[in-house]
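Please open the model in your viewer and keep the sequence panel beside it, so that each selection below can be made by residue number. The tour begins with the whole chain and then moves from one region to the next.

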Amino acid sequence: MLTVAFPAAAFDTNCYVLAPAAGEECVIVDPGIGVEETLRAVLTEHRLRPAAVLLTHGHIDHVYSVTPVCGADTAAYIHGDDRYRLVDLLANVNPGLLGMLEQQFGSKATWTEPSKVVEIRDRAALELAGLTFEVLHAPGHTEGSVMYAVDAVPDGIADQVDVDRTVLSGDVLFAGSIGRTDLPGGDPAAMNRSLRDVVLPLPDTTLVLPGHYQATTMDRERATNPYLQGLAP
């Protein structure tokens, strides 16, 4: 699976581009703040055509560029419980944070709802760009946080680590940590349930591509992540 990852211009949010191979359709995951120029370069370099945009949740650092990236024809996929966040994204952002971002980028933040939005549900199978993604609803960071599981791994990665599948974990699971639960829509109890019932059952041979920071594996996180210790699936 052709896999390209790069950080957004704010918050180091990981944006991912996935495709069966160069010259094919692709899926874009979490186009955050200031990703458009880099994303265009990636699509051009690998001759990729966007088939869909997958959103792990509705926070500004993961969705800010979704509307220009989708344009008029490409659909954005988001869990129904976070769908409301795309209606008026900026209304759900702390004014102080918004002001900081506007000062950093030298322009006023604007928002237009994507033209095509598909609401997804837990365990749905999304067949997009020649790949099949299973939706794993894992609330706690937000109400509609999801992970996307695919039975493929990035080209060349299996030569380096023992993995045979990939999960795009958004802000549910990081290398050595988890997403915050103290923001609006966050719920510590829901996060613990998601970690116990959704994350822990993932096979050790799962490559984890998180919303921030470096990639990891379930084998490593099960053994070392303090937030997974003491939980029983």
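Begin with the whole protein in cartoon view, where 6 helices and 14 strands can be picked out; bear in mind throughout that this is a predicted model. The radius of gyration is 17 Å, close to the 17 Å that the globule rule gives for 233 residues, so the protein is as compact as a globular protein of that length. Along the principal axes, its C-alpha atoms fill a box of roughly 45 × 40 × 30 Å. If you switch on the surface, its accessible area comes to about 10300 Å², and 49% of that belongs to carbon and sulfur atoms. Buried residues make up 52% of the 233 residues, and among contacts with a separation of 6 or more, 62% are between residues 24 or more positions apart.

Next, select residues 12-212, the span that an unreviewed UniProt entry annotates as "domain: Metallo-beta-lactamase". The end C-alpha atoms of this span lie 6 Å apart, and the span is 21% helix and 28% strand.

Now go to strand β1, residues 2-7, and show its side chains. Which of them are buried, and which are not? L2, V4 and F6 point to one face and are buried, whereas T3, A5 and P7 point to the other and are not. Such alternation between the two faces of the sheet is what a regular strand shows. Add strand β2, residues 14-19, which pairs with β1 in the antiparallel sense over 6 bridges; within this pair, L2 stands opposite A19 of β2. The hairpin has 6 residues between the strands, and in it F11 takes a positive phi near 65 degrees.

From the hairpin, move inward by selecting V17, I28, L55, I60 and V66, which touch the most other members of the largest nonpolar core, a set of 33 residues. At least two residues of this core come from each of β1, β2, β3 (25-29), α1 (36-46), α2 (60-63), α3 (66-70), β5 (76-79) and α4 (95-105). To see how one member is surrounded, centre on V17: leaving aside residues up to four places away in sequence, V17 touches L2, T3, V4, F6, C26, V27, I28, L39, V42, L43 and L48. A second, separate core has 27 residues, including A129, I157, V163 and L207.

Then turn to the open sheet of 6 strands, which runs in the order β7-β8-β9-β10-β13-β14 with mixed pairing. Its edges are β7 (125-128) and β14 (216-217); each has a single partner strand, so one side of each is left without a neighbour in the sheet. Within the sheet, select β10 (residues 165-170) and β13 (residues 206-210), which run parallel and are joined by 5 bridges. One residue to label here is G170, whose bridge partner in β13 is P210.

As a last stop, select V135, which has its place in strand β8, residues 131-137. Is V135 buried or exposed? V135 is buried, with a relative accessible area of 0%. Not counting residues up to four places away in sequence, V135 touches I120, R121, D122, R123, A124, L126, V146, M147 and Y148. Finally, draw a distance from V135 to D182, 47 residues apart along the chain: their C-alpha atoms are separated by 24 Å.

Terms used. Residues numbered from 1 in each chain as written. Predicted model: local features only at pLDDT ≥ 70, side-chain atom pairs only at ≥ 80, totals over all residues. Heavy atoms only, no water. Buried < 20%, exposed > 50% of the residue type's maximum accessible area, 1.4 Å probe, protein only. Helix = DSSP H or I, 4+ residues; strand = E, 2+ residues; numbered from the N terminus. Pairing = 2+ DSSP bridges. Core = buried A, V, L, I, M, F, W, Y, C linked by side-chain atoms within 4.5 Å. Contact = heavy atoms within 4.5 Å. Rg over C-alpha atoms; globule rule 2.2 N^0.38 Å. Areas by Shrake-Rupley, 256 points an atom, 1.4 Å probe, with all protein chains shown as cover. UniProt positions renumbered as here; feature names shortened; annotations may be inferred.
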